[in-house]
Amino acid sequence: MSRLALTHPLHLVIGLTLWSLWFVAIYGGLSVACAVAPPAAEQGALTAINVALGLLTVATTALLGWLAWACLEAARDELGRPRFVAAVSAGLYLFSAVATLFVGIPVIGVPPCL
């Protein structure tokens, strides 16, 4: 099995697809966890649910950031359309990473099951 080249047009949609999967997983997981085993309100924001959501957020952001960097490096080595595809993909990966952090930051200070 060969690796998908970073100049392939499929990278134009992978970043936002990963972000949307993370979004569904984090809010779906939060809803299920709060329905099955809600933590006590006195625990505040430091609960197992928030730690799991935070780790998933950090892992997703790291993956998207690495893909953005890899696409940017690939764009520097290419010319023409492959360069354009890799550069736009890098921007979309970076946008997805920032969106992941922006949506995921509340797990630091907000109790999970309000």
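Trainee: Which residues make up the largest nonpolar core?
Mentor: Glad you start there, and keep in mind that this is a predicted model. In soluble globular proteins, nonpolar side chains tend to be buried together. Here the largest nonpolar core has 12 residues: Leu6, Leu64, Leu67, Ala68, Ala70, Cys71, Ala74, Ala75, Ala86, Ala90, Tyr93 and Ala97.

Trainee: Which helix gives the largest share of this core?
Mentor: Two helices, H2 and H3, each supply at least two residues of the core. The largest share is 7 residues, and the helix that provides them is H2.

Trainee: How many residues are in the second, separate core?
Mentor: You can look for Trp22, Cys34, Leu53 and Val107, which are included in that second core. It is separate from the core we just discussed, and its number of residues is 7.

Trainee: Now for the pockets: how much space lies in the largest pocket?
Mentor: Rolling a probe the size of a water molecule over the atoms shows where empty space is left. For the largest pocket, the space comes to about 170 Å³.

Trainee: Which residues lie nearest the centre of the largest pocket?
Mentor: The lining of this pocket has 13 residues. Those nearest the centre are Tyr27, Leu30, Leu53, Pro106 and Val107.

Trainee: Which helix supplies the largest share of the lining of the largest pocket?
Mentor: Helix H1 (11–36), helix H2 (48–77) and helix H3 (81–104) each give at least two residues to the lining. The largest share is 3 residues, and the helix it comes from is H1.

Trainee: How many residues of that lining are nonpolar?
Mentor: Let's divide the lining by residue type. It has no charged residues and 2 polar ones. The nonpolar residues number 11.

Trainee: Is Asn50 buried or exposed?
Mentor: First find Asn50 in helix H2. Its relative accessibility is 4%, and the cut-off for buried is under 20%, so Asn50 counts as buried.

Trainee: Which residue has the backbone oxygen that the side chain of Asn50 reaches?
Mentor: Leaving aside neighbours within four places in sequence, Asn50 is in contact with Ala45, Val107, Val110, Pro111 and Pro112. The side chain of Asn50 reaches a backbone oxygen at 3.1 Å, and that oxygen belongs to Val107.

Trainee: What separates the C-alpha atoms of Pro111 and Asn50?
Mentor: Pro111 is in the segment after H3. Not counting residues up to four places away in sequence, Pro111 touches Gly44, Ala45 and Asn50. Along the chain, Pro111 and Asn50 are 61 residues apart, while their C-alpha atoms are separated by 7.7 Å.

Trainee: How does the accessibility of Pro111 count: as buried, partly exposed or exposed?
Mentor: Buried needs a value under 20%, and exposed needs one over 50%. Pro111 has 28% relative accessibility, so it counts as partly exposed.

Trainee: Is Arg76 buried or exposed?
Mentor: Arg76 is another residue to find in helix H2. Its relative accessibility is 55%, and the cut-off for exposed is over 50%, so Arg76 counts as exposed.

Trainee: What separates the C-alpha atoms of Arg76 and Val13?
Mentor: Count along the chain, and these two residues are 63 residues apart. In space, their C-alpha atoms are separated by 20 Å.

Trainee: Which residues does Ser96 touch, not counting residues up to four places away in sequence?
Mentor: Ser96 has its place in helix H3. Its relative accessibility is 0%, so Ser96 counts as buried. The residues it touches are Gly15, Leu16, Trp19 and Leu64.

Trainee: With which residues is Leu18 in contact, leaving aside its neighbours within four places in sequence?
Mentor: Leu18 lies in helix H1. With a relative accessible area of 25%, Leu18 is partly exposed. Its contacts are Leu63, Leu64 and Leu67.

Trainee: Last one: what separates the C-alpha atoms of Ala52 and Leu30?
Mentor: Ala52 has its place in helix H2. At 45% relative accessibility, Ala52 counts as partly exposed. Ala52 and Leu30 are 22 residues apart along the chain, and their C-alpha atoms are separated by 9.6 Å.

Note on methods. Residues are numbered from 1 along each chain as its sequence is written. This is a predicted model: local features need pLDDT of at least 70, side-chain atom pairs count only at pLDDT 80 or more; totals for chains, interfaces and linings use all residues. Side-chain values use heavy atoms; hydrogens and water are left out. On a 1 Å grid over the protein atoms alone, a cavity is a set of points where a 1.4 Å probe fits but cannot get out, and a pocket is an open set with protein on both sides within 12 Å along at least five of seven lines; lining residues have an atom within 4 Å of a point. Grid points are joined across faces, edges and corners, and a volume is the space filled by probe spheres set on the points. Helices (H or I, at least four residues) and strands (E, at least two) are DSSP runs, numbered from the N terminus. Ala, Val, Leu, Ile, Met, Phe, Trp, Tyr, Cys and Pro count as nonpolar, Asp, Glu, Lys and Arg as charged, and the others, Gly among them, as polar. A nonpolar core is a set of buried Ala, Val, Leu, Ile, Met, Phe, Trp, Tyr and Cys residues joined through side-chain atoms within 4.5 Å. Buried means under 20% relative accessible area, exposed over 50%, partly exposed in between (1.4 Å probe, protein chains only). A polar contact is a pair of N or O atoms within 3.5 Å; within protein, one must be able to donate a hydrogen and the other to accept it, and residues adjacent in sequence count only if both atoms are side-chain atoms. Contact means heavy atoms within 4.5 Å.
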